Amino acid sequence: MFNRNNNNNPGERLVFETRPRFLASMKWTILKLILLIVVFYLFRYVILVAIALENYSVQFVQLPLIQATYYLLLLIIILLILSIVWDMISWRQKKYQITTQRVVVKRGIIRKKRSYIHYSKIQDIDVDQGILDRLFSAGDIEIYGGHEHTNIILEDVPNPREVEDIIDRLTMGEEVDLKPKNHRIPKRSIIEEYDQKFKR
C-alpha cells in the first residue's frame, strides 16, 4: 500500500499494483538463455577447432589460439550470465501503481527512478500489443500528458485493456474499488439441486 515513504498525496489510495508480465518482459532474456545453452553445447567443439587450427598454424606463426579461444568463450558465458541476472533483478524492481490520483512507474536497481502523471494531466492513452504480447496477455500502455516529454510508458502490463479501463474510469472521476473476485459458488447437494429444479 501507499505510505509516507512513497510521498503520496493526502487522501491518495492505491487502487491497482502490478509488475510487467514476466515472460513478455523477458523475451530478450530468453534469447540470451538460449544463446548461453548453445555456447555451453558448442564449447568443446570450438576448443577442438582451436586446437586443430593452432596445430596447423604453428608451422607459420606462434599464436596462443587455444588459450585465447578458451578465455573468449569464458568471457561470453560470464557476460551472458550477468546479463540474465541483471534482467531478472531489473524486472523485480519495476512496479506500476494506479492510485486514486495518479499513475506511478517505479524502476531502477542502482539508481531508483519514479515517474508519475496525474489524471488531470492525461490527454490520451495508447495501448500497443504485438503478436507475442497477445500470447502472453500483455502489452504496452503509453499515457500522454499535456506537455512535451510528459509521457509515461507501462511496458508489458498484464491485461492492458483492463488496466486502460481502470485508468479511463479514474480519469472520468469514477470510484474504482478492485476487490478480489470470488466466483466460488457454494456447493449444493444433489437433492438440493433436484428440489430447486422441480419446485416450480
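**View 1. K95 and E17 hold hands across two strands.** K95 is partly exposed here, at a relative accessible area of 28%. Keep in mind that this is a predicted model. The partner in this close-up is E17, which forms a salt bridge with K95, and their closest N and O atoms sit 3.9 Å apart. K95 belongs to strand β2 and E17 to strand β1, so the pair ties together parts that are 78 residues apart in sequence. E17 is partly exposed too, with a relative accessible area of 36%.

**View 2. A salt bridge joins D133 to K27.** Here the closest N and O atoms of D133 and K27 are 3.1 Å apart. D133 comes from helix α4 (residues 131-135) and K27 from helix α2, so this salt bridge ties together parts that are 106 residues apart in sequence. Is D133 buried or exposed? D133 is buried, because its relative accessible area is 9% and the cut-off for buried is under 20%. K27, on the other hand, is partly exposed at 28%. The pair isn't on its own, either: K27, D133 and D156 are linked in a network of salt bridges. For the model as a whole, the count comes to nine salt bridges.

**View 3. R169 and D165 pair up within helix α5.** Both residues lie in α5, four residues apart, or about one turn of the helix. They form a salt bridge, with 3.7 Å between the closest N and O atoms. R169 counts as partly exposed, at 27% relative accessibility. D165 is partly exposed as well, with a relative accessible area of 38%.

**View 4. Four strands make an open sheet, with α5 lying across part of it.** The strand order is β1-β2-β3-β4, and the pairing is antiparallel. Which strands stand at the edges? Those are β1 (14-18) and β4 (113-118); each has a single partner strand, so one side of each is left without a neighbour in the sheet. From one strand to the next, the twist averages 15°. Zoom in on β3 (residues 102-107) and β4, and you'll find them paired in the antiparallel sense over six bridges. For V103, the bridge partner in β4 is I117. Helix α5 (residues 160-171) lies across β1, β2 (95-99) and β3, and runs at about 35° to β2.

**View 5. Helices α2 and α3 pack against each other.** Helix α2 covers residues 27-57 and helix α3 covers residues 65-93; their axes are 9 Å apart and the packing angle is about 175°. That angle makes α2 roughly antiparallel to α3, since anything over 145 degrees counts that way. What sort of residues make up the contact of α2 with α3, by class? The tally is 21 nonpolar, three polar and three charged residues.

**View 6. Two residues other than glycine, S137 and N159, show a positive phi**. Most residues other than glycine have a negative phi, which is the reason for a close-up here. S137 isn't a glycine, yet has a positive phi of about 55°. Look for S137 in the loop between α4 and β6 (138-144), where S137 counts as partly exposed at 29% relative accessibility. For N159, phi is near 45°. N159 is placed in the loop between β7 (152-158) and α5, and is partly exposed with a relative accessible area of 31%.

Technical notes
Residues numbered from 1 in each chain as written. Predicted model: local features only at pLDDT ≥ 70, side-chain atom pairs only at ≥ 80, totals over all residues. Heavy atoms only, no water. Axes fitted to C-alpha atoms, helices over the stretch in contact; angles between N-to-C directions. Helix = DSSP H or I, 4+ residues; strand = E, 2+ residues; numbered from the N terminus. Parallel < 35°, antiparallel > 145°, perpendicular 65-115°, else oblique. Nonpolar A, V, L, I, M, F, W, Y, C, P; charged D, E, K, R; others polar. Pairing = 2+ DSSP bridges. Contact = heavy atoms within 4.5 Å. Salt bridge = Lys/Arg side-chain N within 4 Å of Asp/Glu carboxyl O. Buried < 20%, exposed > 50% of the residue type's maximum accessible area, 1.4 Å probe, protein only.
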